[in-house]
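Colleague: I've got the sequence and the model open side by side. Can you walk me through it?

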Amino acid sequence: MSGVRWYHDNLTRHAAEALLLSNGRDGSYLLRKSNESEDLYSLSVRGKDSVKHFHVEHTGTSFKFGFNEFSSLKELVMHFANQPLIGSETGTLIVLKHPYPRQVEEPSIYESVRVHTAMQTGRTESDLVPNAPSLGTKEGYLIKQGKIVKSWKTRWFTLHRNELKYFKDQTATEPIRALDLTECSAVQFDYSQERVNCFCLVFPLRTYYLCAKTGIEADEWIKILRWKLSQIRKQLEERNATLRS
């Protein structure tokens, strides 16, 4: 199973549910070891608002899933990427779409972690994962409030490593400014503006006010920026602990 990127060896049922509900989306799935027997695994799949768990038995030469038998996990995934597993409580059909990888944290050396990619007909998990966007990067247009003149202008933002840069537009090669997230103390929704879907980044000398086109887009930016801040704090705590020891 070591070659299967979405296999989580020691993940419990509750931990799988927490991961998929907090970080996954409809169709996100992972495989984990079942506690019931040595050759039994559990396939955990997120539906709309819940996580379903299915037994997968490894016979040594094949994988049994209900009445179906597959020669490999890739074959199983391809089958259920097109055929629904089961209907959820809301009547929504669950299919395997997004493999959830073991490496959910961006490594300290900032290797690309390729995650959350859709399963498409005729494509395997191995084909798709290398082409998926990195978990730790994001880019897109946001509307930013000026520092002195409080007018709003559309800017192209890119997030990479611990830097949030913004450019005049997507074609610009030099950023207007690069914000060091190690100096950012908070990221939160902002309801003080007349505009909707706004959030702010709090720095020692300035608070940046940004607005997205949709609430979903604003939420995605906030989630990944907060995740970045949590990683920065975690690395700082680990560094301080090492210095103290």
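Colleague: Let's start with glutamate 38: is this residue buried or exposed?
Modeller: Keep in mind that this is a predicted model. Glutamate 38 sits in the loop that links β2 (28-33) to β3 (40-46). Its relative accessibility comes to 68%, and the cut-off for exposed is over 50%. So glutamate 38 counts as exposed.

Colleague: Which residues gather with Glu38 in a patch on the surface, and what is the charge of the patch?
Modeller: Glu38 is a member of a surface patch that also takes in Asp39, Glu57 and Glu69. Asp and Glu count as negative. The partners are Asp39, Glu57 and Glu69, and the charge is negative.

Colleague: What about glycine 47, buried or exposed?
Modeller: Glycine 47 is also in a loop, the one between β3 and β4 (51-58). Its relative accessibility is 5%, and anything under 20% goes down as buried. So glycine 47 is buried.

Colleague: How far apart are the C-alpha atoms of glycine 47 and leucine 93?
Modeller: Along the chain, glycine 47 and leucine 93 are 46 residues apart. In space, their C-alpha atoms are separated by 7.9 Å.

Colleague: And arginine 5, where is its place, and what separates its C-alpha atom from that of arginine 102?
Modeller: Arginine 5 belongs to the segment before β1 (7-8). With a relative accessibility of 39%, arginine 5 counts as partly exposed. Arginine 102 is 97 residues away along the chain, yet the C-alpha atoms of the two arginines are separated by 6.2 Å.

Colleague: On to the core: which element gives the most residues to the largest nonpolar core?
Modeller: As background, nonpolar side chains tend to be buried together in soluble globular proteins. Here the largest nonpolar core has 22 residues, and those touching the most other members are Leu164, Leu181, Val187, Phe199, Leu201, Trp221 and Leu225. Elements giving two or more residues to this core are β9 (152-160), β10 (163-167), β13 (198-202), β14 (207-211) and α4 (215-244). With 7 residues, the top contributor is α4.

Colleague: Now the salt bridges: which residue pairs with glutamate 17, and why are the two about one helical turn apart?
Modeller: The structure holds 6 salt bridges, and in the one formed by glutamate 17 the closest N and O atoms are 3.7 Å apart. Both residues lie in helix α1 (residues 13-23), and because they are 4 residues apart, about one turn separates them. The partner is partly exposed, with a relative accessible area of 44%. That partner is arginine 13.

Colleague: How many residues apart in sequence are the parts that lysine 138 and glutamate 217 tie together?
Modeller: The side chains of lysine 138 and glutamate 217 form a salt bridge, 3.4 Å from N to O. Lysine 138 is in strand β8 (residues 138-145) and glutamate 217 is in helix α4, so the pair ties together parts that are 79 residues apart in sequence.

Colleague: Which of those two counts as buried, and which as partly exposed?
Modeller: Lysine 138 has 17% relative accessibility, so it falls under the 20% cut-off for buried. Glutamate 217 has 22%. So lysine 138 is buried, and the partly exposed one is glutamate 217.

Colleague: Last one: which residue forms a salt bridge with aspartate 219?
Modeller: Aspartate 219 counts as partly exposed, at 27% relative accessibility. Its partner also lies in helix α4, 4 residues away, or about one turn of the helix. The closest N and O atoms are 3.3 Å apart, and the partner is lysine 223.

Key
Residues are numbered from 1 along each chain as its sequence is written. This is a predicted model: local features need pLDDT of at least 70, side-chain atom pairs count only at pLDDT 80 or more; totals for chains, interfaces and linings use all residues. Side-chain values use heavy atoms; hydrogens and water are left out. Patches are made of residues with over 30% relative accessible area and no salt bridge: like charges are joined within 9 Å, nonpolar side chains (Val, Leu, Ile, Met, Phe, Trp, Tyr) within 5 Å. Accessible areas come from the Shrake-Rupley method with a 1.4 Å probe; for residues, only the protein chains shown count as cover. A salt bridge is a side-chain nitrogen of Lys or Arg within 4 Å of a carboxyl oxygen of Asp or Glu. The place of a charge is taken as NZ of Lys, CZ of Arg, CG of Asp or CD of Glu. Buried means under 20% relative accessible area, exposed over 50%, partly exposed in between (1.4 Å probe, protein chains only). A nonpolar core is a set of buried Ala, Val, Leu, Ile, Met, Phe, Trp, Tyr and Cys residues joined through side-chain atoms within 4.5 Å.
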